[in-house]
Amino acid sequence: MELNPIVESLENKSILVTGATGFLAKLFVEKLLRVQPNLKQLFLLIRASDSASVTQRFHNEVIGKEVFRVLKKKHGVGFNSFISEKVTPVTGDVTLKNLGIDDSELTKKLWSEVDFVANFAATTNFDERYDVAFDINTMGAKHVLEFSKKCVKLQLLLHISTAYVWGEKSGLLLENPLRKGETLNGTTSPKLDSQDELKLISQILKELKAEQISKKEETMAMKEYGLQRARLFGWPNTYVFTKAMGEMEISELIESRNDLPVVILRPTIITSTFKEPFPGWIEGVRTIDSIILGAGKGKVKCFLARDDVIMDLIPGDMVVNAAIVAMIGHANQPSDDRQQFIYQVGSSARAPLQTTRLRNYVYNYFSKNPLISTSSTGKSNGKPIQVSYPFIFPTMASFLTFLYVTHMLPLKGMRLVNAVFCNYFRDNCNDAERKITFITKLVKLYEPYILFKGIFDDLNTERLRIAARGNAAEADTFYFDPKCINWDEYFMNTHIPGLVKYALKY
């Protein structure tokens with residue numbers, strides 16, 4: 001692949017970005033505005049009830065975030081005027097046809113002006129309600145593609161998926177497309193079909209409403225139903241299942257129209273920024289971060305890990321750089337060789353990281369930089385939290401056995417004493433039970449990723465890196481080679497400090 005100068009190729013281009021309030025989309029928007037101030041227009045699709053609400057969300061949840069501080073410093077007092085000139089927030093919703101855009105004039109403007117569509121819209125909750133996850137991750141992908149087909153100048157649709165659409169498969173996982181109806185467990189009955197799933201969701205919702213249950217009970221039922229459907233076809237959770245079906249919708253529509261270039265980007269576990277716009281920026285607590293911060297707070301003292309298992313992580317800025325390079329590299333190219341349009345962006349194939357090393361990072365960092373404990377009201381009491389060297393369990397069975405012997409059995413004994421003393425220890429018992437339930441749920445949710453035995457092939461992505469390195473002037477601007485990551489340095493000096501600063505707000 002020969003790659004045109006990327007920054008130059010972005011000049012005077014209009015780009016529609018969905019899921020604009022999300023972590024990765026903000027990095028994408030910030031990077032574009034920073035490297036190419038002569039973009040024509042960024043249209044950011046944001047879910048809101050009206051124009052006033054969308055403006056508020058845009059200011060509070062996008063440009064008001066810390067990630068834009070470098071851009072703000074660059075433009076100084078002219079930052080707001082620069083943003084108002086280059087960025088247009090759009091009220092919309094990917095779960096609806098035509099992306100829920102009610103303004104007919106704006107719709108026509110988008111169809112006539114947009115050069116690229118970048119679909120970042122997703123719900124990443126592993127146990128999201130099935131109807132919610134299906135609407136956003138599956139039908140949302142279909143709606144974005146259908147909208148893109150109406151853009152007369154469109155050069156490419158960029159769709160952000162996840163490498164874990166491969167579920168819990170082991171071995172070398174190739175950058176191959178998922179075909180509609182394909183399952184991971186080889187089952188042919190029942191058949192996997194998104195339209196059938198849509199009907200089943202509608203049916204189960206009607207049944208739940210007929211039972212007149214509470215909203216909380218309905219949510220729990222829909223979460224459980226999503227997990228059941230995912231596991232029936234071989235996926236571990238609702239998130240990756242619905243993302244896989246989203247890819248299937250795209251693959252089917254690509255086959256029906258070969259002149260629409262589409263790039264599917266499959267990142268692995270996304271972590272804080274490696275170096276841009278500054279090191280360590282992250283928003284919220286993501287996947288493994290729950291374990292890291294839980295250990296730092298003294299609440300997680302053991303976790304699953306094995307020396308022979310690789311934890312596939314990739315910093316958010318590297319994902320964004322790969323997305324931009326792929327977007328420009330495939331713009332206006334025919335999609336005869338569809339495999340070349342799928343890129344798995346991770347580290348397992350180039351810079352493997354053993355899961356057991358996470359224990360060392362957690363212990364070493366929080367031993368030197370302990371968090372300060374807080375009271376039940378959230379106020380600091382000035383006492384540093386002492387962390388212990390976490391136990392490691394190589395299997396889920398060994399972890400659950402440990403939890404039962406050390407926590408559940410003593411809890412049962414406490415409940416017997418509690419019965420004698422007329423509920424004197426009731427609150428302590430309930431609190432302990434909640435903690436055990438939380439830890440068990442957390443470990444079960446993350447088990448497929450912590451003990452993941454697959455390696456994500458990235459041959460296509462490596463070709464993309466080689467093409468990007470071919471332009472020496474931009475090689476340092478659009479870096480995404482995980483080989484440059486020193487994991488010890490990254491965790492100790494970048495990722496964990498970033499978590500403490502930006503996620504915990506310490």
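Okay, let's start in the middle of things: strands β1 and β2 run parallel and are joined by four bridges. Two strands count as a pair here if DSSP finds at least two bridges between them. Within that pairing, valine 17 sits opposite leucine 44 in β2. On to β3: it runs parallel to β2 (residues 41-46), and five bridges hold the two together. There, isoleucine 46 stands opposite threonine 91 of β3.

Quick housekeeping. This is a predicted model, where local features need pLDDT of at least 70, side-chain atom pairs count only at pLDDT 80 or more, and totals for chains, interfaces and linings use all residues. Residues are numbered from 1 along each chain as its sequence is written, and side-chain values use heavy atoms, with hydrogens and water left out.

Now the whole protein. There are 17 helices and 15 strands. Those are DSSP runs, numbered from the N terminus: helices are H or I with at least four residues, strands are E with at least two. Out of 506 residues, 54% are buried. Buried means under 20% relative accessible area, exposed means over 50%, and partly exposed is in between, with a 1.4 Å probe and protein chains only. The accessible surface comes to about 22,200 Å², and 51% of that belongs to carbon and sulfur atoms. That area is from the Shrake-Rupley method with a 1.4 Å probe, and for residues only the protein chains shown count as cover. One more: take contacts between residues at least 6 apart in sequence, and 81% of them join residues at least 24 apart. A contact is heavy atoms within 4.5 Å.

Back to our strands. What is the strand order in the open sheet of seven? Reading across, you get β3-β2-β1-β4-β5-β7-β11, with parallel pairing. β3 (87-91) and β11 (342-345) are the edge strands with a single partner each, so one side of each has no neighbour in the sheet. On average, neighbouring strands are turned by 20° against each other, direction ignored. For angles like that, axes are lines fitted to C-alpha atoms, for helices over the stretch in contact, and angles run from 0 to 180 degrees between N-to-C directions.

How many of the six residues of β2 are buried? Six of six, so to speak a full house. In a regular strand the side chains alternate between the two faces of the sheet. In β2, one side has Gln41, Phe43 and Leu45, the other has Leu42, Leu44 and Ile46, and all are buried.

Just before β2, look at leucine 39, in the loop between α2 (23-35) and β2. Leucine 39 is buried, with a relative accessible area of 1%. Leaving aside neighbours within four places in sequence, leucine 39 touches Leu10, Asn12, Lys13, Ile15, Leu32, Leu33 and Lys86. Valine 7 is 32 residues away from leucine 39 in sequence, and 9.6 Å away in space, C-alpha to C-alpha.

Next, some backbone oddities. Most residues other than glycine have a negative phi, and most peptide bonds are trans. Asparagine 12, one of those contacts of leucine 39, has a positive phi of about 65° without being a glycine. Asparagine 12 sits in the loop between α1 (6-10) and β1 (14-18). Leucine 99 also has a positive phi, near 60°, in the loop between β3 and α6 (104-113). Leucine 99 is buried, at 0% relative accessibility. And there's a cis peptide bond between glutamate 276 and proline 277, with omega about 0°. Proline 277 is in the loop between β8 (269-271) and α11.

That brings us to α11 itself. How do α11 (residues 289-296) and α17 (residues 487-503) cross? Their axes come within 10 Å and cross at roughly 85°. So α11 is roughly perpendicular to α17; that label covers 65 to 115 degrees, with under 35 roughly parallel, over 145 roughly antiparallel and the rest oblique. From α11, the contact uses Asp289, Ile292 and Leu293; from α17, Phe491, His495, Ile496 and Leu499.

Last stop, helix α16 (residues 459-469): its buried residues are Asn460, Thr461, Glu462, Leu464, Arg465, Ala467 and Ala468. Their cover includes α12 (316-329) and β11, and β11 is one of the edge strands we met earlier.
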